[in-house]
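Got your viewer open? Load the model, pick a cartoon view, and follow along stop by stop.

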Amino acid sequence: RYNKNRFANVIYEGELMTIRNTKSRISDVAYFLFAMFFSTLLALIFFEFIKNNPINIALVYIIALILVARSTNGYLYGILFAVFSVLSINFFFTYPYFTFSLKPAGYTLTFIGTLAITIITSARATHLKIQDQLLHDREELLRSSEKERMRANLLRAVSHDLRTPLTSIIGTSNTLLEHGSTYSQEECTEMIAGISDDANWLLNMVENLLSITRINGSDLKVKKSQEVLEEVVSEAVLRFKKRQPGGQVKVISPIDYILLPMDPLLIEQVIINLLE
């Protein structure tokens, strides 16, 4: 069953990759055709209204070429647009108009030079795009590694918070099992209440631990409620004294109560960790 599911996942991922590649090719072709049409139209407008300034026509095609090279995948579309640019200049804007001709003096050299410049420009723009993509991938990898490192550190920091109530539960339950008959009903009830309290605390800590494992960018949401700060501090001190009977803590609280938005369990644990 595992191998079948794995094989199905591989096929599914392959289909998704094929769909993405097809969409990318369609997008590249559409952008290439649009650039051909719009750049030629703009060059004709310049040719019609701005006479004796052919440099504007070359600039239109060079700008369009850079945009094509930056916005499509690979070198093919940039090189094709470079060839198209040179042929368009020959066909539309070189006398005799609307015909291909290499007869004007020096045009062969101009043709080769222009083609070389446009191809180099296209290749350079494409190379810069690839470098940007590689840099982006590297940054994503670093962010992912940092996220995993942060998650591991958080899990290690919480691990001792899980062991403490477990140790208390095990110790108290063993005491009741082995020596329960030697304690009064009131003492047994108090110890059972302590087990229940630690178990509820452990349950809440596990829920927070599960929240930590779901950290993904800004997906982690802390559930806040309006809490009286003095009550949260008092509860934290009581739990600390239970863990560390010899610890001495002095709390100075204001006369007026302070109401703050917080997750009381998390803030209690913060205070306990700091005290420990």
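Start by selecting helix 6, residues 229–243. Its 15 residues, at 1.5 Å each, should span 21 Å, and the end C-alpha atoms are 21 Å apart, so expectation and model agree. Keep in mind that this is a predicted model.

Now show side chains on helix 6 and colour the buried ones: Val232, Val233, Ala236, Val237, Arg239, Phe240 and Arg243. Turn the view until you look down the axis of helix 6: the buried residues fall within an arc of 165 degrees, so they line one face of the helix. Flip to the other side of helix 6 and you'll find Glu231 and Leu238, both exposed.

Two of those buried residues are worth keeping on screen. Val233 and Ala236 belong to a nonpolar core of 11 residues, which also includes Leu162 and Trp201. That core is separate from the largest one, which is our next stop.

For the largest nonpolar core, pick out Phe32, Ala43, Tyr61, Val68 and Phe81; of its 15 residues, these touch the most other members. Which helices each supply at least two residues of this core? Helix 1, helix 2 and helix 3 do, and the largest share, six residues, comes from helix 2.

Centre on Phe81 and show what surrounds it. Leaving aside residues up to four places away in sequence, Phe81 touches Phe32, Ala35, Met36, Ser39, Tyr61, Ala64, Leu65 and Val68.

Phe81 is also one of the buried residues of helix 3, so select that helix next. The 18 residues of helix 3 should span 26 Å at 1.5 Å a residue, and with the end C-alpha atoms 25 Å apart, the model agrees. Buried along helix 3 you'll see Tyr77, Gly78, Phe81, Ala82, Phe84, Ser85, Val86, Ser88, Asn90 and Phe93.

Time for the rings. How many aromatic pairs does a search of the whole structure find? Two. Begin with Phe34 and Phe38: their ring centres are 5.8 Å apart and their planes sit at 10 degrees, so this pair is stacked. Both residues are in helix 1 (residues 2–49), and being four residues apart they are separated by about one helical turn. Turn on the surface here: Phe34 is exposed, at 51% relative accessible area, while Phe38, at 43%, counts as partly exposed.

For the other pair, select Tyr61 and Phe84. These rings are edge-to-face, with 6.3 Å from centre to centre and 70 degrees between the planes. Tyr61 lies in helix 2 (residues 55–71) and Phe84 in helix 3 (residues 76–93), so the pair ties together parts that are 23 residues apart in sequence. Are these two buried or exposed? Tyr61 and Phe84 are both buried.

Finally, zoom out and colour by pLDDT. The chain averages 76, and 76% of the residues score at least 70. Among the elements, helix 1 has the lowest mean pLDDT, 71, so treat that as context for the Phe34–Phe38 stop; strand 2 (residues 259–262) has the highest, 93.

With the whole chain in view, trace the elements from the N terminus: they run α-α-α-α-α-β-α-β-α, giving seven helices and two strands. Colour by burial and 26% of the 276 residues come up as buried. If you draw contacts between residues at least 6 apart in sequence, 75% of them join residues at least 24 apart.

Terms used:
Residues are numbered from 1 along each chain as its sequence is written. This is a predicted model: local features need pLDDT of at least 70, side-chain atom pairs count only at pLDDT 80 or more; totals for chains, interfaces and linings use all residues. Side-chain values use heavy atoms; hydrogens and water are left out. Rings of Phe, Tyr and Trp (its six-membered ring) pair if their centres lie within 6.5 Å; planes under 30 degrees apart count as stacked, over 60 as edge-to-face and the rest as tilted. Buried means under 20% relative accessible area, exposed over 50%, partly exposed in between (1.4 Å probe, protein chains only). pLDDT is the predictor's confidence in each residue, from 0 to 100. The expected span of a helix is 1.5 Å times one less than its number of residues. The arc is that of the directions from the helix axis to the C-beta atoms. A nonpolar core is a set of buried Ala, Val, Leu, Ile, Met, Phe, Trp, Tyr and Cys residues joined through side-chain atoms within 4.5 Å. Contact means heavy atoms within 4.5 Å.
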